[in-house]
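Q: I would like to learn how to read a structure one feature at a time. Could we take a residue, then its surroundings, then the whole chain?

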Amino acid sequence: GDERSFGRNSFVHTIVSPNERIGTILQNGKQIQLIRWVVSKDGKTLTSTRTVLDAGGTPLTHLAIYERQ
């Protein structure tokens, strides 16, 4: 994967397959966010799943689906 640092934060981008990417955000070396992007085989739909940790460490997941018009 490709890693970029921004002060105490880092972003790691991993290509899983031609249609799937994973982004991991680390703060002080600890994972605080995971983002998974998947493009459908026909290229018309992008699904983004983002999981973040709240202040108490509980994971929260946000799902977004984008469709090409």
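Q: Let's start with accessibility: does Thr61 count as buried or exposed, and why?

A: Relative accessibility is compared with cut-offs: under 20% is buried and over 50% is exposed. Thr61 has a relative accessibility of 57%, so this threonine counts as exposed. Please keep in mind that we are reading a predicted model.

Q: Where is Thr61 placed, and which residues is Thr61 in contact with, leaving aside neighbours within four places in sequence?

A: A good habit is to find the element first and then look across to its partners. Thr61 sits in strand β6. Once neighbours within four places in sequence are set aside, its contacts are Thr49, Arg50 and Thr51. With Thr51 there is also a side-chain link, a polar contact of 3.3 Å.

Q: How should I read the pairing of β6, and in which sense does β5 pair with β6?

A: For paired strands, look at the sense, then the number of bridges, then the individual partners. β6 covers residues 59–67 and pairs with β5 in the antiparallel sense, over nine bridges. One bridge to look at joins Arg50 to His62 in β6.

Q: What phi does Gly57 take in the hairpin of β5 and β6?

A: In a hairpin, count the residues between the strands and then check the backbone angles. This hairpin has five residues between β5 and β6, and Gly57 takes a positive phi near 90 degrees.

Q: Which strand pairs with β5 over seven bridges?

A: Here we read the other pairing of this strand in the same order. β4 (residues 30–39) pairs with β5 (residues 45–53) over seven bridges, in the antiparallel sense. Val39 faces Leu46 of β5. Five residues lie between the strands of this hairpin, where Gly43 has a positive phi near 75 degrees.

Q: Stepping back, how many helices and strands does the chain have?

A: An inventory of elements gives the overall plan. The chain has six strands and zero helices, which reads along the sequence as β-β-β-β-β-β. Its C-alpha trace spans about 40 × 25 × 15 Å along the principal axes.

Q: What share of the contacts with a separation of 6 or more comes from residues 24 or more positions apart?

A: Sequence separation shows how far along the chain the contacting residues are. Residues 24 or more positions apart account for 3% of those contacts. As one example of a pair far along the sequence, Thr61 and Asn28 are 33 residues apart, and their C-alpha atoms are separated by 22 Å.

Q: What percentage of the 69 residues is buried?

A: The last step is to read burial for the whole chain. Of the 69 residues, 16% are buried. The chain exposes about 5200 Å², with 52% supplied by carbon and sulfur atoms.

Conventions. Residues numbered from 1 in each chain as written. Predicted model: local features only at pLDDT ≥ 70, side-chain atom pairs only at ≥ 80, totals over all residues. Heavy atoms only, no water. Helix = DSSP H or I, 4+ residues; strand = E, 2+ residues; numbered from the N terminus. Buried < 20%, exposed > 50% of the residue type's maximum accessible area, 1.4 Å probe, protein only. Contact = heavy atoms within 4.5 Å. Areas by Shrake-Rupley, 256 points an atom, 1.4 Å probe, with all protein chains shown as cover. Pairing = 2+ DSSP bridges. Polar contact = N/O pair within 3.5 Å; in protein donor to acceptor, adjacent residues only side chain to side chain.
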